[in-house]
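Here is a short tour of one chain, written to be read with the model open beside it. Please keep the viewer at hand and follow along.

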Amino acid sequence: MSNMTFDGMVGQMTPAIYESLKQSMQLRKWPDGRVLTPEQVALCMEAVIKYEVHNNVTPESRVGFIDNGTCGPRDETAEDKAVKDEPEQIKWVN
């Protein structure tokens with residue numbers, strides 16, 4: 001039996017394995033087509049996150065990165081002001 005820990009395994013992961021794990025999580029399938037279980041998805045996510053931290057992947061390149069700099073107030077255009085002045089409409093669909 002191997003004495004390899006999860007962290008040790010992540011420390012030895014190659015960029016190709018990292019990319020393969022990311023793709024497997026996105027597709028919810030292994031490269032051979034077998035469906036990942038929820039536990040496997042969680043382990044893949046943990047391995048990917050640890051790989052990114054261990055290899056100093058920039059925050060912008062990490063899985064799940066959300067750029068908070070693009071959210072928030074911006075300068076209003078004339079079109080934005082016109083839309084804001086119109087009454088809001090709701091469409092009911094059965």
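## Confidence and overall make-up

What is the mean pLDDT of the chain, and what percentage of its residues reach 70 or more? The mean is 82, and 77% of the residues reach 70 or more. Do keep in mind that this is a predicted model. Confidence is highest in helix α2, at a mean of 93, and lowest in helix α4 (residues 78-85), at 63.

The secondary structure amounts to 4 helices and 0 strands, so the order of elements from the N terminus, by the DSSP runs used here, reads α-α-α-α. The chain has 94 residues, and 16% of them count as buried. Its accessible surface is about 8,100 Å², with 55% of that belonging to carbon and sulfur atoms. If you like contact maps, take the contacts between residues at least 6 apart in sequence: 41% of them join residues at least 24 apart.

## Helix α2 and its two sides

Helix α2 covers residues 15-27, which makes 13 residues. At 1.5 Å a residue, the helix should span 18 Å, and its end C-alpha atoms are indeed 18 Å apart, so expectation and model agree. Which residues of α2 are buried? They are Tyr 18, Leu 21, Lys 22, Ser 24 and Met 25. Looking down the helix axis, you will find these buried residues within an arc of 160°, so they line one face of α2.

Part of the cover over the buried residues of α2 comes from α3 (38-54). On the face turned away from the buried side, α2 carries the exposed residues Pro 15, Ala 16, Gln 26 and Leu 27. Just after the helix comes Arg 28, which has a positive phi, near 60°.

## The nonpolar core

The largest nonpolar core holds 11 residues. Among them are Tyr 18, Leu 21 and Met 25, together with Val 41, Cys 44, Ala 47, Val 48 and Tyr 51. Val 10, Met 13 and Leu 36 belong to this core too. The elements giving two or more residues to the core are α2 and α3, and α3 provides the largest share, with 5 residues. As general background, nonpolar side chains in soluble globular proteins tend to be buried together.

Val 48 is a good residue to click on. Beyond its neighbours within four places in sequence, Val 48 is in contact with Tyr 18, Leu 21, Lys 22, Met 25 and Val 63.

## A lysine and an arginine compared

Is Lys 22 buried or exposed? Lys 22, which sits in helix α2, has a relative accessible area of 17%. Buried means under 20%, so Lys 22 counts as buried. With neighbours within four places in sequence set aside, the contacts of Lys 22 are Val 48 and Val 63.

Arg 34 lies in the loop between α2 and α3. Its relative accessible area is 53%, and exposed means over 50%, so Arg 34 counts as exposed. Not counting residues up to four places away in sequence, Arg 34 touches Arg 28 and Lys 29. For a distance to check in your viewer, the C-alpha atoms of Arg 34 and Ser 24 are separated by 9.8 Å, the two residues being 10 apart along the chain.

Terms used: Residues are numbered from 1 along each chain as its sequence is written. This is a predicted model: local features need pLDDT of at least 70, side-chain atom pairs count only at pLDDT 80 or more; totals for chains, interfaces and linings use all residues. Side-chain values use heavy atoms; hydrogens and water are left out. The expected span of a helix is 1.5 Å times one less than its number of residues. Buried means under 20% relative accessible area, exposed over 50%, partly exposed in between (1.4 Å probe, protein chains only). The arc is that of the directions from the helix axis to the C-beta atoms. Contact means heavy atoms within 4.5 Å. Accessible areas come from the Shrake-Rupley method with a 1.4 Å probe; for residues, only the protein chains shown count as cover. A nonpolar core is a set of buried Ala, Val, Leu, Ile, Met, Phe, Trp, Tyr and Cys residues joined through side-chain atoms within 4.5 Å. pLDDT is the predictor's confidence in each residue, from 0 to 100.
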